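Visitor: Please take one part of this model and describe it closely. I would like the local contacts and strand pairing rather than a general tour.

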Amino acid sequence: MLPVPDGLDGMRVDAGLAKLLGLSRTVVAELAESGEIFLDGRPAGKSDRLTAGGLLEVTLPDPASAIEVVAEPVEGMKILHDDDDIVVISKPVGVAVHPSPGWTGPTVVGGLAAAGLRIATSGAAERQGVVHRLDAGTTGVMVVAKSEHAYTVLKRAFKERTVDKGYHAIVQGHPDPTRGTIDAPIDRHPRHDYKFAVVQGGRPSVTHYEVVEAFRAASLAKIKLETGRTHQIRVHFSALKHPCVGDLTYGADPVLARKLGLSRQWLHAKTLGFAHPSDGRWVEFESEYPDDLANALRILQDEN
């Protein structure tokens with residue numbers, strides 16, 4: 001833990017820490033994105049401002065323990081589109097996007113390497129080509145950059161929120177109103193490190209939803225994300241007292257989860273649209289429900 005020197009007061013986190021620690025701004029930005037930088041005990045984004053005297057905590061990568069990408073086929077991972085600039089996949093459950101400390105399961109990056117696909121070399125070694133993420137327990141469509149140009153363009157598109165991210169979720173109960181916007185800041189849970197929560201002063205987070213089918217105990221909602229915070233949909237619906245069905249971490253009913261045969265949250269990245277980095281034309285991709293989610297939906301529909 002070290003105090004912010006007076007000379008860095010008001011500077012952006014990435015610029016200030018690059019100067020303070022002798023790292024590149026890119027490396028500092030990646031540390032911030034990975035949640036490795038804390039300012040006065042709160043996670044700091046790369047564009048946050050430093051305050052003189054504030055207490056910094058930075059977990060620096062250990063070059064000796066660089067995370068290795070293992071080329072390993074990923075069962076159930078489907079390639080929806082592949083060209084010189086991008087590869088679009090449908091990610092199965094139980095697969096992380098990239099390797100990280102403590103994760104021993106399969107990864108999207110490893111699966112693409114096993115399939116012989118070359119991806120962009122921008123980003124940390126274990127996250128090369130990754131421009132956005134899905135939780136290991138969330139399935140659906142995502143894009144990975146193959147060219148350096150695509151990496152730059154898509155990173156900017158996600159940052160500037162010009163990407164159209166469409167999710168489907170089955171949530172407990174019946175949200176009222178049936179169509180609305182959840183605008184509530186999200187940050188790490190004050191008591192449980194592994195969770196996130198709606199927290200005053202957290203990062204701005206906006207979720208738009210519309211209920212498209214109602215069942216006795218739950219509702220199927222179409223969701224558009226304006227921002228892309230970690231666990232955003234799960235946290236927002238939990239805060240409304242309508243957690244994603246099967247999401248025991250965020251307060252879902254374990255009895256209903258067992259009845260529907262779910263061992264994870266009913267949440268699926270259904271559609272993804274963006275301007276193609278090669279020529280700017282709008283492209284859209286869609287991922288079908290995996291078997292566990294489709295089966296749970298069928299049980300709910302049969303009960304109606």
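Guide: What follows looks at one helix, the loop after the helix and the sheet beside them, and then turns to a pocket and a core. The model is predicted.

The starting point is helix α2, which spans residues 25-33. Within α2, V28, A29, E30, L31 and A32 are buried; the list includes a glutamate, E30. These buried residues pack against three elements: the helix α1 (13-21) and the strands β2 (37-39) and β4 (55-58).

Just past the end of α2, G35 has a positive phi, about 75 degrees. E36 also belongs to this stretch, in the loop that runs between α2 and β2. Is E36 buried, exposed or partly exposed? Its relative accessibility is 26%, and because buried means under 20% and exposed over 50%, E36 counts as partly exposed. Neighbours within four places in sequence aside, E36 contacts L31, E57, V58 and T59. Of these partners, L31 is one of the buried residues of α2, while E57 and V58 fall within β4 (55-58). For a long-range reference, the C-alpha atoms of E36 and K195 are 16 Å apart, with their positions 159 residues apart along the chain.

Next comes the sheet. β2 and β4 belong to an open sheet of four strands, ordered β1-β4-β2-β3, with antiparallel pairing. Its edges are β1 (2-3) and β3 (42-43), each of which pairs on one side only. Between β2 and β4 there are three bridges, in the antiparallel sense. I37 faces V58 of β4 across this pairing, and V58 is also a contact of E36.

Two other features can be described from their residues. The second largest pocket has a volume of about 180 Å³. Its lining comprises 13 residues, and those nearest the centre are G76, K78, S90, S287 and E288. By class, the lining has four nonpolar, five polar and four charged residues. Two strands, β5 (78-82) and β6 (86-91), each contribute at least two residues to that lining.

The largest nonpolar core contains 45 residues. V108, L112, V143, Y167, I223, I233 and F274 have the most contacts inside the core. Y167 can be followed in detail: with residues up to four places away in sequence left out, Y167 touches L134, A221, K222, I223, L225, I233, L267, H268, A269 and K270. Among these partners, I223 and I233 are also on the list of residues with the most contacts inside the core.

Key: Residues are numbered from 1 along each chain as its sequence is written. This is a predicted model: local features need pLDDT of at least 70, side-chain atom pairs count only at pLDDT 80 or more; totals for chains, interfaces and linings use all residues. Side-chain values use heavy atoms; hydrogens and water are left out. On a 1 Å grid over the protein atoms alone, a cavity is a set of points where a 1.4 Å probe fits but cannot get out, and a pocket is an open set with protein on both sides within 12 Å along at least five of seven lines; lining residues have an atom within 4 Å of a point. Grid points are joined across faces, edges and corners, and a volume is the space filled by probe spheres set on the points. Ala, Val, Leu, Ile, Met, Phe, Trp, Tyr, Cys and Pro count as nonpolar, Asp, Glu, Lys and Arg as charged, and the others, Gly among them, as polar. A nonpolar core is a set of buried Ala, Val, Leu, Ile, Met, Phe, Trp, Tyr and Cys residues joined through side-chain atoms within 4.5 Å. Buried means under 20% relative accessible area, exposed over 50%, partly exposed in between (1.4 Å probe, protein chains only). Contact means heavy atoms within 4.5 Å. Two strands pair if DSSP finds at least two bridges between them.
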